[in-house]
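Me: Could you walk me through this model with a few questions and answers?

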Amino acid sequence: MAGITGKDATLTAYADALASGAPKGRSLTQDAFRRLIGNKAALVSIFVFLVIMIIAYAGPYFLPWAYDKIDWAGIRKPPDWAKGHYLGTDQNGRDMLARTFQGTQMSLLVAFVATTVSVVIGVIYGAIAGYFGGRVDAVMMRFVDIMYALPYMLFVIILVVIFGRSPVLLFVGIGCLEWLTMARIVRGQTLSLKQREFIEAAKAGGAGPFAIIFRHIVPNLTGPVVIYATLTIPEIIITESFLSYLGLGVQEPQTSLGTLISFGAPVVEALPWMLYTPAFFLVVMLLSLSFIGDGLRDALDPKDR
Amino acid sequence: MLGYALRRVLTAIPIVLLTITVCFFILRLAPGGPFDGERALPPDQLRNLRAYYHLDEPIFMQFLGYIGGVFRGDFGPSMVMKDFNVSALIAIGLPFTLMLGFTAFIVGTLAGLLAGAIAAVNQNKWPDYVLVMIVLLPIIIPNFLMANLAQIIFGIYLHWLPVGGYKPGAWLNLVLPVAILAMPHGARVARLTRGSMIEVLGTNYIRTARSKGLGARLILARHAIKPALLPVVSYLGPGLSYLLTGSIVVEQVFALPGIGKYFITAALNRDYGLVLGTTILYVFIILALNLLVDVIYAWLDPKVRYR
């Protein structure tokens with residue numbers, strides 16, 4: 001007779017409970033996302049960075065003055081709400097807020113282009129060095145070591161001298177010099193990835209080395225690449241603003257945060273708004289990006305603390 | 001030990017030669033030049049100028065001539081500052097840049113070590129939180145902005161320190177530049193020291209020392225400091241190269257007479273001779289210092305020597 005002890009009923013109920021309300025497994029991405037949301041500094045920073053991005057791109061449409069428009073009646077004027085110069089004007093009568101928005105856009109654009117370039121070069125270079133190993137690896141990584149020892153800012157400046165002031169080439173140039181650390185990280189990851197069974201399976205299936213690198217290794221590098229790319233963005237913004245500060249960056253009437261700061265600093269006693277507006281945007285942007293990068297690192301790679 | 005040092009010197013020589021070669025050809029083959037003024041020069045004058053600077057010879061001959069000059073310490077003429085040759089300009093600027101850089105290096109390293117050690121010993125208590133926050137700022141905020149803000153606060157509003165300029169003996173003028181240059185370096189040293197010190201303090205042999213009753217200070221001085229210093233020492237090489245490029249900005253912002261200022265002026269004026277000369281000098285200094293750091297590292301850690 002079934003169920004005289006009640007054991008079967010209990011087991012059935014347990015099996016039903018398992019089938020209906022089983023605890024769901026969480027993927028690595030979900031885990032990482034939960035950790036990122038739990039990190040208050042990173043969450044606030046993401047919000048702040050999004051706000052800056054939105055106002056830098058949408059803000060100009062709500063301002064009465066364009067960034068290169070000269071207001072002949074309002075040269076070197078403090079903030080004046082009635083005329084629409086919410087944060088004052090510069091020595092040429094151009095609206096500071098509009099110029100700061102334009103400068104922020106420029107910094108974001110540089111960061112995006114240069115980071116993309118550095119990620120592409122770094123990932124391909126590092127994955128090839130790590131996958132082939134041996135002598136190829138030794139030569140390729142020795143080259144990276146040499147480049148590390150050289151002061152890369154000098155090369156950026158030489159690139160500027162050569163390319164003149166063509167911004168696009170300049171961004172690509174910065175990206176071409178920023179890939180070294182990415183290549184090292186990717187190589188290290190590739191060295192351990194290539195020992196895994198799925199690579200062996202791909203080899204057994206007859207896949208060529210480049211198919212394995214791009215189809216099987218690179219997709220598995222997403223975590224560290226995303227983390228490091230996020231950490232590269234503020235570095236590139238700093239490099240660009242540094243070049244612009246020295247007068248080697250973007251050309252008038254376009255502007256960037258570095259240029260604005262370099263024009264604002266000498267006149268800070270008389271026209272303080274010319275320095276503090278762009279400086280505020282630059283610092284807030286860099287701070288938030290740095291917290292986002294740290295948060296992503298903690299979220300995607302919790303052991304690396 | 002001597003063999004290791006010798007091997008390192010031998011590998012550094014081709015790097016210097018390669019850098020000279022690459023920079024020379026990039027600059028010579030680039031479009032535009034130092035004689036492109038607002039007004040086009042008459043062709044005769046341009047020809048004379050080019051002949052004077054040997055720019056009309058085949059580029060390979062120019063290169064041989066240049067390399068030969070470099071080995072004799074002659075970096076050729078400056079094409080824009082016509083009364084000087086590059087070696088003379090370097091001789092004027094280099095002592096100052098080295099003095100500024102080394103002072104900042106010593107100040108930054110000591111301050112960073114101290115801050116990092118204090119933070120590590122007080123891990124997750126308020127001195128740690130405060131120091132970690134302070135150390136974050138100079139790493140994130142670009143040094144030109146820090147320099148400007150320091151000028152404004154200490155020079156213009158408070159009148160404590162001069163805003164810029166320098167003449168021999170005016171050491172007050174150096175306080176702000178050295179501080180600004182030392183800050184990012186010190187901050188990175190502090191981060192590294194904190195991290196490696198925390199790791200070392202968690203090891204078994206430190207627990208053994210503690211369990212046999214050694215005091216906290218003695219443990220720190222006798223057992224923890226030396227292994228905790230290794231990652232810091234390996235950072236000092238790249239750190240020096242950050243410092244030298246940082247000194248370009250600081251010299252520019254504070255109007256100081258170092259080679260960084262010449263480098264920027266030369267880059268803006270397309271003065272190829274001067275750009276090339278200062279770049280070679282920077283690369284040479286940085287490689288030499290890296291070499292020194294590597295040898296010190298090998299002396300501290302025998303594992304490196306025999307690899």
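Me: How many salt bridges are counted between chain A and chain B?
Reply: A salt bridge here is a side-chain nitrogen of Lys or Arg within 4 Å of a carboxyl oxygen of Asp or Glu. This is a predicted model, where local features need pLDDT of at least 70, side-chain atom pairs count only at pLDDT 80 or more, and totals for chains, interfaces and linings use all residues. Residues are numbered from 1 along each chain as its sequence is written, chains are lettered from A and ligands numbered from 1 in the order written, and side-chain values use heavy atoms, without hydrogens and water. The count between chain A and chain B is 0 salt bridges.

Me: Which helix gives the most to the side of chain A that touches chain B?
Reply: Helices are DSSP runs (H or I, at least four residues), numbered from the N terminus. At least two residues each come from α5 (134-149), α6 (152-163), α11 (222-245), α12 (257-264) and α13 (273-300) of chain A. With 9 residues, the top contributor is α13(A).

Me: How many residues does each chain bring to the contact?
Reply: Contact means heavy atoms within 4.5 Å. By that criterion, chain A brings 35 residues and chain B brings 38 residues.

Me: At what angle do α9 and α10 of chain B pack?
Reply: Ile248(B), Glu251(B) and Gln252(B) of α9(B) meet residues of α10(B) including Phe263(B) and Ile264(B). The axes, lines fitted to C-alpha atoms over the stretch in contact, lie 8 Å apart. Angles run from 0 to 180 degrees between N-to-C directions, and for this pair the value is about 85°.
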